[in-house]
Amino acid sequence: MLRHYNILVKGKVQGVWFRKSTLEKAMELGIKGFVKNKPDGSVYIEAEGEENQLKVFLEWCTIGPKFAEVSDVSFEEDVVLSYKMFDILY
């Protein structure tokens, strides 16, 4: 069953290739949605996929790419919007 998660990642997550790495991980897992930087220094992700895909994706978000220092990841389930791809928003 398709699910939609709104994910907020905090810590040292901007300027460390977090968005690009998130795109690559989402494509690897078959997840659709988007990732974007927020003005407060966090990263916001909307991700849609099967529950097992999203579980692996959330686990990855707690670590992120090599130079990231993730301090907190929170998420909430929301209504499925049926994204067609995963993209980086600017």
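Reader: How many aromatic pairs does a search of the whole structure find?

Author: This is a predicted model, in which local features need pLDDT of at least 70 and side-chain atom pairs count only at pLDDT 80 or more, while totals for chains, interfaces and linings use all residues. Residues are numbered from 1 along each chain as its sequence is written, and side-chain values use heavy atoms, with hydrogens and water left out. Rings of Phe, Tyr and Trp (its six-membered ring) pair if their centres lie within 6.5 Å, and planes under 30 degrees apart count as stacked, over 60 as edge-to-face and the rest as tilted. Searched in this way, the whole structure gives a number of aromatic pairs equal to six.

Reader: Is the pair of phenylalanine 34 and tyrosine 44 stacked, edge-to-face or tilted?

Author: A pair of aromatic rings is described by the distance of the centres and the angle of the planes. For phenylalanine 34 and tyrosine 44 the centres are 5.9 Å apart and the planes stand at 55°, so the pair is tilted.

Reader: Which strands hold phenylalanine 34 and tyrosine 44?

Author: Helices (H or I, at least four residues) and strands (E, at least two) are DSSP runs, numbered from the N terminus. The pair links distant parts of the chain, ten residues apart. Phenylalanine 34 belongs to strand E2 (residues 32-37), and tyrosine 44 to strand E3 (residues 43-50).

Reader: Are phenylalanine 34 and tyrosine 44 buried or exposed?

Author: Buried means under 20% relative accessible area, exposed over 50%, and partly exposed in between (1.4 Å probe, protein chains only). Phenylalanine 34 has a relative accessible area of 10%, and tyrosine 44 has 18% relative accessibility. Phenylalanine 34 is therefore buried, and tyrosine 44 also counts as buried.

Reader: What kind of pair do phenylalanine 34 and tyrosine 83 form?

Author: Tyrosine 83, which counts as partly exposed at 25% relative accessibility, lies in the loop between strand E4 (69-78) and strand E5 (86-88), 49 residues apart from phenylalanine 34. The ring centres of phenylalanine 34 and tyrosine 83 are 5.9 Å apart and their planes stand at 85°, so the pair is edge-to-face.

Reader: What is the order of the strands in the open sheet?

Author: Two strands pair if DSSP finds at least two bridges between them. E2 and E5, for example, run parallel and are joined by three bridges, and in E5 aspartate 87 stands opposite phenylalanine 34. E4 and E5 stand at the edges with a single partner strand each, so one side of each is left without a neighbour in the sheet. The pairing is mixed, and the order of the five strands is E4-E1-E3-E2-E5.

Reader: Which element gives the most residues to the largest nonpolar core?

Author: A nonpolar core is a set of buried Ala, Val, Leu, Ile, Met, Phe, Trp, Tyr and Cys residues joined through side-chain atoms within 4.5 Å. The largest one has 22 residues, and Ile7, Val9, Phe18, Ile31, Ile45 and Phe57 have the most contacts inside it. E1, H1, E3, H2 and E5 each supply at least two residues, and the most, five residues, come from H2.

Reader: How far apart in space are isoleucine 45 and valine 9?

Author: Isoleucine 45 lies in strand E3 and is buried, with a relative accessible area of 0%. Leaving aside neighbours within four places in sequence, isoleucine 45 is in contact (heavy atoms within 4.5 Å) with residues including Val9, Phe34 and Phe57. Isoleucine 45 and valine 9 are 36 residues apart in sequence, and their C-alpha to C-alpha distance in space is 8.1 Å.
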